[in-house]
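Let's take a walk through this protein together, from the overall layout down to a few side chains. Keep the picture open while you read.

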Amino acid sequence: MNKKPELQIFLSDTTSPLELPYADGGIRAGIPTYAQEYISETIDLNSEIVRHPSSTFYGKVIGHSMADEGIMPGDILVVDRSLMPEHGDLVVCSINGEFTVKRIRIDNGEVWLIASRKNFEPIKVPAGNRFIVWGVVTHTIRENRRRDECKQRHGFAMVGEKIEI
């Protein structure tokens, strides 16, 4: 395979809660409604996202092989090593010592790793290869505020950005 790694690995630290304000009334993605005046609830992201702390790690995506599924470079994957991979799961695996993130397809005892981009060929995992599923991806965390990209695409400044006239 000898290509750039597709993932940087980081251990999870859930020893302290990560409680943040939580809009428990919901946020509509359709027709706008009145905003909540007062947010009193909190949510602990560590307990909400990390189900099995001792077997969970994070990985930062490098590369575009899963972009058609919305998994982009820089996204953080939450990976649970305690889950058994099932057909169709998004998995982090090592094949011949190189990490990758792909959908796993299991057909008649054969294992395939499938990228979401059509220009990436499926990878058949031959018997005898050093193949390890490191874990199942349970969540993807993405930074949605991509200022430079928005400015280039739409030609306008973001809120709070100084505009020269």
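## The overall layout

This is a predicted model, and its secondary structure adds up to 2 helices and 10 strands. If you follow the sequence from start to end, the pattern reads β-β-β-α-β-β-β-β-β-β-β-α.

The protein has 165 residues, and 27% of them count as buried. Now look at who meets whom: among contacts with a separation of 6 or more, 60% are between residues 24 or more positions apart.

## The nonpolar cores

The largest nonpolar core has 11 residues in all. Its members are Phe57, Val61, Met66, Ile71, Leu77, Val79, Leu90, Val92, Val101, Ala115 and Val137. Three strands, β4 (56-61), β5 (76-80) and β6 (90-95), each put at least two residues into this core. There's also a second, separate core of 9 residues, including Val91, Val111, Val125 and Val136.

Val79 is a good place to zoom in on the largest core. Setting aside residues up to four places away in sequence, Val79 touches Ser55, Thr56, Phe57, Val92, Gly135, Val136 and Val137. Among these, Phe57, Val92 and Val137 are fellow members of the largest core, while Val136 belongs to the second one.

## Three rings together

How are two aromatic rings described? For a pair of rings, you give the distance of the centres and the angle of the planes. The structure holds 2 aromatic pairs. One of them is Phe57 with Trp134, an edge-to-face pair with 6.3 Å from centre to centre and 85 degrees between the planes. Phe57 sits in strand β4 and Trp134 in strand β10 (residues 131-141), so this pair links distant parts of the chain, 77 residues apart.

Trp134 also pairs with Phe99: the ring centres are 4.9 Å apart and the planes are at 70 degrees, so this pair is edge-to-face as well. Phe99 is in strand β7 (residues 98-107) and Trp134 in β10, so the pair ties together parts that are 35 residues apart in sequence. Put together, Phe57, Phe99 and Trp134 make one aromatic cluster.

Which of these rings are buried, and which are partly exposed? Phe57 is buried, at 5% relative accessibility. Trp134 is partly exposed, with a relative accessible area of 25%, and Phe99 is partly exposed at 24%.

## A buried charge

Next up is Asp80, which you'll find in strand β5. What is the nearest side chain of opposite charge to Asp80? That's Arg51, 7.7 Å away, and Asp80 is buried yet has no salt bridge.

Asp80 does have polar partners, though. Its side chain makes a polar contact with the side chain of His52 at 2.6 Å, and another with the side chain of Ser82, also listed at 2.6 Å. Leaving out residues up to four places away in sequence, Asp80 touches His52, Ser55, Thr56, Gly135, Val136 and Thr138.

## A serine in a loop

Last stop: Ser116, in the loop between β8 (110-114) and β9 (123-125). Is Ser116 buried or exposed? Its relative accessible area is 13%, so it counts as buried.

The side chain of Ser116 reaches the backbone nitrogen of Ala67 at 3.5 Å. Apart from neighbours within four places in sequence, Ser116 is in contact with Ser65, Met66, Ala67, Asp68 and Glu69. Met66 should look familiar, as one of the residues of the largest nonpolar core.

Notes: Residues are numbered from 1 along each chain as its sequence is written. This is a predicted model: local features need pLDDT of at least 70, side-chain atom pairs count only at pLDDT 80 or more; totals for chains, interfaces and linings use all residues. Side-chain values use heavy atoms; hydrogens and water are left out. A nonpolar core is a set of buried Ala, Val, Leu, Ile, Met, Phe, Trp, Tyr and Cys residues joined through side-chain atoms within 4.5 Å. Buried means under 20% relative accessible area, exposed over 50%, partly exposed in between (1.4 Å probe, protein chains only). Helices (H or I, at least four residues) and strands (E, at least two) are DSSP runs, numbered from the N terminus. Contact means heavy atoms within 4.5 Å. A polar contact is a pair of N or O atoms within 3.5 Å; within protein, one must be able to donate a hydrogen and the other to accept it, and residues adjacent in sequence count only if both atoms are side-chain atoms. Lys and Arg count as positive and Asp and Glu as negative; His and the chain ends are not counted. A salt bridge is a side-chain nitrogen of Lys or Arg within 4 Å of a carboxyl oxygen of Asp or Glu. Rings of Phe, Tyr and Trp (its six-membered ring) pair if their centres lie within 6.5 Å; planes under 30 degrees apart count as stacked, over 60 as edge-to-face and the rest as tilted.
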